[in-house]
Each structure stands twice: as structure tokens, then as C-alpha cells.
Amino acid sequence: MRLSRFFLPILKENPKEAEIVSHRLMLRAGMMRQEAAGIYAWLPLGFRVLKKIEQIVREEQDRAGALELLMPTLQLADLWRESGRYDAYGPEMLRILDRHKRELLYGPTNEEMITEIFRSYIKSYKNLPLNLYHIQWKFRDEQRPRFGVMRGREFLMKDAYSFDLDEAGARRSYNKMFVAYLRTFARMGLKAIPMRAETGPIGGDLSHEFIVLAETGESGVYINRDVLDLPVPGADVDYDGDLTPIIKQWTSVYAATEDVHEAARFEQEVPEAKRLNTRGIEVGQIFYFGTKYSETMKAMVAGPDGVDVPIHGGSYGVGVSRLVGAIIEACHDDAGIKWPEAVAPFRAAILNLKQGDAAVDGACEQLYRELSAKGVDVLYDDTDQRAGAKFAAADLIGIPWQILVGPKGLADGKVEVKRRSDGSRDNMSPADVVAKLA
Ligand SMILES: Nc1ncnc2c1ncn2[C@@H]1O[C@H](COS(=O)(=O)NC(=O)[C@@H](N)CS)[C@@H](O)[C@H]1O
């Protein structure tokens with residue numbers, strides 16, 4: 001992508017409404033624009049990151065055996081009356097009347113709708129276990145939307161829903177999602193710690209939140225530092241095998257949100273030097289809620305003995321749009337964002353340090369052509385800004401690799417490669433840059 005042809009409305013100043021670094025940097029880096037309280041337009045640079053995060057979530061859901069579908073954002077109120085949550089959900093629910101005065105709502109979550117879909121087709125335990133998911137926009141009329149995409153009103157969520165014959169089966173489904181979440185967040189360069197949590201409006205009696213440590217996080221957390229060094233299951237993890245050793249390993253080290261924290265146990269179990277009380281950002285939450293929805297909504301299957309029983313369910317959410325902010329909270333410095341390569345909007349930026357100089361222009365064009373031909377996502381800063389402004393922009397938007405092309409280096413057949421994550425620099429030939437990044 002040539003920057004002269006892109007749409008990247010970088011802000012010079014820090015927007016005053018931004019209270020946390022991710023909100024400030026997303027606005028300054030031209031990644032998004034607020035259209036209403038808690039409602040954002042995703043501009044091209046931010047949208048590229050959102051799609052990369054979404055794709056990692058999708059790949060790990062698929063690896064765990066979940067099946068992707070897409071449910072609508074609008075739902076019938078009557079569906080929520082069946083489960084008894086229509087009134088219980090309260091003012092966070094955006095209620096809508098259509099032209100025929102039919103009562104609709106903008107879905108904050110989809111337990112009811114997925115249960116309705118399930119019960120319409122599945123009647124036998126032989127079709128279980130089943131895990132259906134989608135990646136869809138949600139609306140929650142938060143009292144105080146704030147911190148940019150961290151607590152929005154319209155936000156993108158992956159929500160998966162599992163269906164099993166009994167609790168044992170449902171726990172196996174729960175464990176698959178637990179492992180998939182460990183892998184998902186690790187692939188984004190995050191350490192997301194699974195912690196026991198309250199179940200809240202979703203319900204049930206078993207839930208874990210996956211929390212990224214960050215001072216600006218809304219959740220207070222208490223952990224044994226050992227949890228930060230536990231191994232994340234590899235891509236070859238056997239989802240049809242026994243996952244309980246992995247779950248046991250990750251849940252036997254103390255990690256709890258403040259709502260379920262047990263101070264006495266923490267003191268007793270965790271050596272002083274290993275105790276950490278800090279804050280974190282909830283990037284995902286998983287729930288086992290048994291027959292909460294299947295009983296009220298009559299989602300039954302005939303068991304092995306032919307008798308109809310309500311299925312045991314669970315739901316599993318990931319804050320896809322929140323993750324854009326969470327990753328910035330975890331990966332930034334004073335100059336701007338430091339994207340982990342897996343989610344960066346572009347892998348490399350070519351900075352032409354002397355626009356109009358034939359040798360420099362030629363070298364940049366050749367690098368741009370060769371890297372693009374090898375499938376490397378490149379942003380070529382071919383604007384006529386001075387070098388200092390180009391350095392600042394590249395640091396701000398957080399592209400992992402910067403390729404600085406100037407007349408002096410070129411005279412020696414070299415360009416400078418800067419690694420954004422640690423600031424390290426290397427001089428090498430353009431051909432070696434292509435070999436390194438392709
Ligand atoms: N207002 C919000 N803005 C941005 N992300 C949010 C917001 N509310 C929740 N999320 C994200 O969405 C994830 C799942 O939301 S949730 O309420 O915990 N779970 C559910 O809704 C279940 N139905 C999971 S399928 C959260 O872990 C969080 O990362």
C-alpha cells in the first residue's frame with residue numbers, strides 16, 4: 001500500500017477525551033473515529049488490525065472443533081421473553097420497534113437465539129457434542145461507555161455456544177474452549193490469564209475470565225506470579241483427548257478476580273514473593289450454565305434410553321474489538337504502538353528519506369515491488385514529508401519493521417532496518433531485507 005494513496009488521518013495532538021493510552025493512540029494513529037458515545041467507525045488502519053485479530057480467533061475456534069455460522073444482530077423480543085431475560089436484562093438492552101410496531105432488540109448476546117436454532121433441528125444425543133459460534137456485532141447500552149473500544153456500546157464479539165447431553169460432556173466442551181482461549185491470546189502476543197469469575201447475567205455456576213494484566217484494566221486481580229510462566233498448548237494439542245491435565249495445571253495456581261478473591265487462601269497458598277495484586281483487562285469469558293436455557297426454552301434431546309432430557313450448555317465470548325485496545329495497552333511505548341507481528345496492520349514500512357532522489361526512489365520502488373510480490377504486507381511512505389515526520393508516523397502506528405532508505409546508505413548498497421519492538425537497527429542490502437522479511 002502506498003501511503004500517498006491510503007487513508008490514514010493521523011492526529012498531531014493528543015485528543016483530550018482519551019483517558020487511557022490505547023484510546024489516545026487509536027485516535028492519534030487514525031485507526032478509528034467516534035460516531036456516537038461508545039460507537040465507532042473503524043478506519044482502514046484499525047480495520048486491518050480488527051480483521052487480523054478476528055482471523056486468529058476464527059482459526060483457533062475451528063481448530064477446537066467449533067462450527068462457524070452468522071446470526072443476525074436484531075432479535076425478536078419474544079425470544080427473550082421465553083428465557084425470562086427480556087426484563088431481567090434491564091436498561092443495557094436496546095429495544096426497537098419496527099414499522100409494524102413489532103418488538104425487536106439489538107442483541108447483547110445470543111444464548112436465546114442459538115438455543116432456538118438448536119431446538120429446531122437437533123432431537124437426539126447422537127448429534128452431540130455440538131459447538132456453534134459466530135463473530136458478530138453486539139449492542140449493550142452501557143451506562144458509562146469509556147476508554148474507547150475497551151467499553152463500547154456497539155462492539156465485536158466472538159460468541160460460541162456448546163450443546164451436550166450431560167454435565168460431563170459439557171465440561172469437556174468447556175475445557176476445549178479453555179484450551180482454545182489459551183492458544184488464541186498467546187498467538188496475539190498476549191499473556192491472558194484464566195481466572196475464576198462471577199457468572200452474572202449469563203448465569204450458571206462455572207466461569208473463567210481471561211485477563212490481560214494492565215494498570216488501566218477495569219478488573220482487580222490477585223495472582224500467583226507462577227501462572228505467568230505456564231506453557232501454552234501447541235497447535236498439535238489433541239482436542240479429542242483428555243484436556244484435564246492442562247486445565248488442572250492452569251487452575252491449580254492461584255488467580256482470581258476481586259469478586260471471587262479469597263484473601264485467606266491467597267495468603268496461605270501463595271508465598272509472599274509470588275503474590276501479585278494488580279489490574280487487568282477481561283478479553284474473554286467462558287461459562288458453563290447447564291440447563292438454564294434448555295429448560296425454559298425446551299431444547300431437549302432423546303438420550304441413549306430414549307428419554308427426552310434438556311441439554312447442558314455453555315457459552316464462550318471473546319471481545320474481538322476490545323482486543324485491539326487491550327493489545328495496545330500491553331504493547332506500546334512513548335513513541336506509540338508496538339504491534340505484535342501476528343496482528344500488525346502491515347508487516348513492514350518502507351520510509352523514503354529523500355523523496356525525488358532517483359536512486360532512493362528506485363530502491364524504494366524495487367523493495368516495495370519485491371516484498372509485495374512475496375506476499376509481505378508493506379506500507380510504503382512515499383509522501384513528501386520530511387524524514388523526522390516519517391519516523392514519528394511509523395513509530396506511532398506501530399509497524400513491526402521499518403526499512404529506512406536514504407542516499408548515504410544506498411551509496412554503500414545498504415538500507416537500514418529498524419525493529420519497532422526493541423528499537424534494534426541493522427544495515428543490510430535491499431536483497432537481504434527481502435530475504436529476511438519474505
Ligand atoms: N461493552 C463492551 N465493549 C467491548 N467489549 C466488551 C463489552 N462487554 C463485553 N465485552 C467483551 O465481550 C466478552 C464476552 O462478553 S461476556 O459478557 O463476558 N460473555 C457473553 O456475552 C457470553 N454470551 C459469551 S458467549 C468479554 O469478555 C469482553 O471481552
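1. In this predicted model, the surroundings of the ligand are made up of 23 residues, and those that come nearest to the ligand are T109, E111, R140, G152 and E282. Sorted by character, the residues of this shell divide into nine nonpolar, seven polar and seven charged.

2. Three contacts between protein and ligand can be set out atom by atom. A polar side-chain atom of E111, which is also among the residues that come nearest, lies 2.8 Å from a nitrogen atom of the ligand, and a polar side-chain atom of E142 lies 2.9 Å from a nitrogen atom of the ligand. With V283 the contact is made by the backbone, where an N or O atom lies 3.5 Å from an oxygen atom of the ligand. Taken on its own, the ligand has 600 Å² of accessible area, and the protein covers 96% of this area.

3. As to where the ligand is placed, it sits in the largest pocket. The strands β8 (154–164), β13 (275–290) and β16 (312–319) each supply at least two residues of the shell around the ligand, and the largest share, five residues, comes from β13.

4. The aromatic side chains deserve a separate point, since the structure holds 13 aromatic pairs. In one of them, F118 and F163, the ring centres are 4.2 Å apart and the planes stand at 5°, an angle under the 30 degrees that serves as the cut-off, so the pair counts as stacked. Because F118 belongs to helix α5 (residues 111–121) and F163 to strand β8, this pair ties together parts that are 45 residues apart in sequence. Strand β8 has already been named above as a supplier of at least two residues to the shell around the ligand.

5. Two details of the backbone may be worth inspecting in the structure shown above. The peptide bond that runs from L128 to P129 is cis, its omega being near 5°, and P129 has its place in the loop between α5 and β7 (130–139). The other detail concerns K101, a residue other than glycine whose phi has a positive value, near 65°; K101 is found in the loop that lies between β5 (94–97) and β6 (103–106).

How values were computed
Residues are numbered from 1 along each chain as its sequence is written. This is a predicted model: local features need pLDDT of at least 70, side-chain atom pairs count only at pLDDT 80 or more; totals for chains, interfaces and linings use all residues. Side-chain values use heavy atoms; hydrogens and water are left out. A residue is near a molecule or strand if one of its heavy atoms lies within 4 Å of it. A polar contact is a pair of N or O atoms within 3.5 Å; within protein, one must be able to donate a hydrogen and the other to accept it, and residues adjacent in sequence count only if both atoms are side-chain atoms. Accessible areas come from the Shrake-Rupley method with a 1.4 Å probe; for residues, only the protein chains shown count as cover. On a 1 Å grid over the protein atoms alone, a cavity is a set of points where a 1.4 Å probe fits but cannot get out, and a pocket is an open set with protein on both sides within 12 Å along at least five of seven lines; lining residues have an atom within 4 Å of a point. A molecule sits in a cavity or pocket if more than half of its atoms lie within 2 Å of its grid points. Helices (H or I, at least four residues) and strands (E, at least two) are DSSP runs, numbered from the N terminus. Ala, Val, Leu, Ile, Met, Phe, Trp, Tyr, Cys and Pro count as nonpolar, Asp, Glu, Lys and Arg as charged, and the others, Gly among them, as polar. Rings of Phe, Tyr and Trp (its six-membered ring) pair if their centres lie within 6.5 Å; planes under 30 degrees apart count as stacked, over 60 as edge-to-face and the rest as tilted.
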